[in-house]
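Here are a few exercises to work through with the viewer open. Try each task before you read its solution.

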Amino acid sequence: MITTLLFDADGVVQTSAKSFISDIKSLVPADQSDEFIQQVFAAEAPPARGEGDFLVNLQVLLKQWQVVQSIEEVLRIWHQIEIVPGMTELLAELRGRGYRVCLATNQQANRMMHMRHSMKLDDHFDQAFYSCEIGASKPTPEYFEKVLGRLEVEPGQVLFVDDNLGNIEGAKICGLNAEHFCVAGKVDPIAELSQALKPYLETSAAG
């Protein structure tokens with residue numbers, strides 16, 4: 001019986017600006033942009049596990065690559081996020097039906113703070129599990145085990161929704177129910193997500 005739903009943030013609950021990748025690449029000459037963006041994402045990975053500070057790593061990279069924009073200007077690229085229209089209503093409906101609805105996302109601390117305080121994203125969930133606070137990131141077993149421990153539920157009681165197939169496989173290995181869903185390209189993402197959840201929730205008796 002499903003009692004708890006875990007939703008990924010990026011690609012499921014929220015979307016970044018379509019220009020996210022191109023905006024990062026535009027910070028350096030075009031012929032160097034692929035290498036630059038690889039280094040940026042590499043610099044973000046440890047802080048997403050709670051190891052180090054992304055702002056420090058980013059500042060070092062910007063200096064190395066002689067980026068003229070300030071770090072504040074660059075960080076705005078990461079903060080161009082919007083909640084999928086209709087998502088908060090769906091989350092409220094699920095909570096109203098008695099399900100515990102939680103956020104399960106890989107984020108470094110700076111972006112987490114923007115999501116939590118500027119976007120007020122946590123207000124729409126019963127609990128929020130940010131990788132930088134958990135001290136582990138999806139799809140590692142450590143992430144899911146720590147989340148399950150804090151929820152105090154059995155894996156089979158949880159439905160995890162993510163747009164990343166690697167994360168889906170990681171959740172399944174840990175015994176969670178998992179549904180692959182990506183908002184990109186969906187004509188009516190809320191309707192399609194509701195339909196994807198239906199088979200799991202029809203057999204549950206939450207509340």
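**Exercise 1: a loop aspartate**

Task: Is aspartate 122 buried or exposed?

Solution: Aspartate 122 is buried, because its relative accessibility is 17% and the cut-off for buried is under 20%. Keep in mind that you're looking at a predicted model. Next, place the residue: aspartate 122 sits in the loop that runs between helix 6 (109-118) and strand 5 (127-130). Then look for its partners. Skipping neighbours within four places in sequence, aspartate 122 is in contact with Leu103, Arg116, Ala128 and Tyr130. With tyrosine 130 there's also a side-chain to side-chain polar contact of 2.6 Å.

**Exercise 2: the faces of helix 3**

Task: Work out which residues of helix 3 are buried, and where they fall when you look down the helix axis.

Solution: Start with the list: in helix 3 (residues 54-64), the buried residues are Phe54, Leu58, Leu61 and Leu62. Viewed down the axis of helix 3, these buried residues fall within an arc of 100°, so they line one face. The spacing rule helps here: an α-helix has 3.6 residues a turn, so residues three or four places apart point the same way.

Now turn to the other side of helix 3, where Lys63 and Gln64 are exposed. As for what covers the buried residues of helix 3, the cover includes helix 2 and helix 4 (71-78).

Finish with the two ends. At the N-terminal end, aspartate 53 caps helix 3, with a side-chain oxygen 2.8 Å from the backbone nitrogen of leucine 55. Just after helix 3 comes glutamine 66, with a positive phi of about 55°.

**Exercise 3: two glutamines**

Task: Compare the settings of glutamine 39 and glutamine 14.

Solution: Take glutamine 39 first. It's in helix 2 and counts as partly exposed, since its relative accessible area is 28%. Leaving out residues up to four places away in sequence, glutamine 39 touches Leu61, Gln64 and Trp65. You can also check a C-alpha distance: glutamine 39 and leucine 58 are 19 residues apart along the chain, and their C-alpha atoms are separated by 9.5 Å.

Glutamine 14 belongs to strand 2 and is buried, with a relative accessible area of 0%. With the four-place exclusion applied, the residues glutamine 14 touches include Ile81, Gln107, Arg111 and Met115.

**Exercise 4: the largest pocket**

Task: Which elements give two or more residues to the lining of the largest pocket?

Solution: Begin with the pocket itself, which has a volume of about 780 Å³. Its lining is made up of 26 residues, with Asp10, Ser16, Asn106, Gln107 and Arg111 nearest the centre. The elements you're after are strand 2 (14-16) and helix 2 (33-48). Helix 2 gives the most, with four residues. Sorted by class, the lining has eight nonpolar, 10 polar and eight charged residues.

**Exercise 5: backbone oddities**

Task: Where is the cis peptide bond, and which loops hold glutamine 66 and lysine 120?

Solution: The cis bond runs from lysine 138 to proline 139, with omega near 10°. Proline 139 is in the loop between helix 7 (131-134) and helix 8 (141-151).

Glutamine 66 isn't a glycine, yet has a positive phi; look for it in the loop between helix 3 and helix 4. It counts as exposed, because its relative accessibility is 68%. Lysine 120, not a glycine either, has a positive phi of about 60°. Lysine 120 lies in the loop between helix 6 and strand 5 and is partly exposed, at 44% relative accessible area.

Note on methods. Residues numbered from 1 in each chain as written. Predicted model: local features only at pLDDT ≥ 70, side-chain atom pairs only at ≥ 80, totals over all residues. Heavy atoms only, no water. 1 Å grid on protein atoms, 1.4 Å probe; cavity = no way out; pocket = protein on both sides within 12 Å on 5 of 7 lines; lining within 4 Å. Points joined across faces, edges and corners; volume = space filled by probe spheres on them. Nonpolar A, V, L, I, M, F, W, Y, C, P; charged D, E, K, R; others polar. Buried < 20%, exposed > 50% of the residue type's maximum accessible area, 1.4 Å probe, protein only. Contact = heavy atoms within 4.5 Å. Polar contact = N/O pair within 3.5 Å; in protein donor to acceptor, adjacent residues only side chain to side chain. Arc of directions from axis to C-beta.
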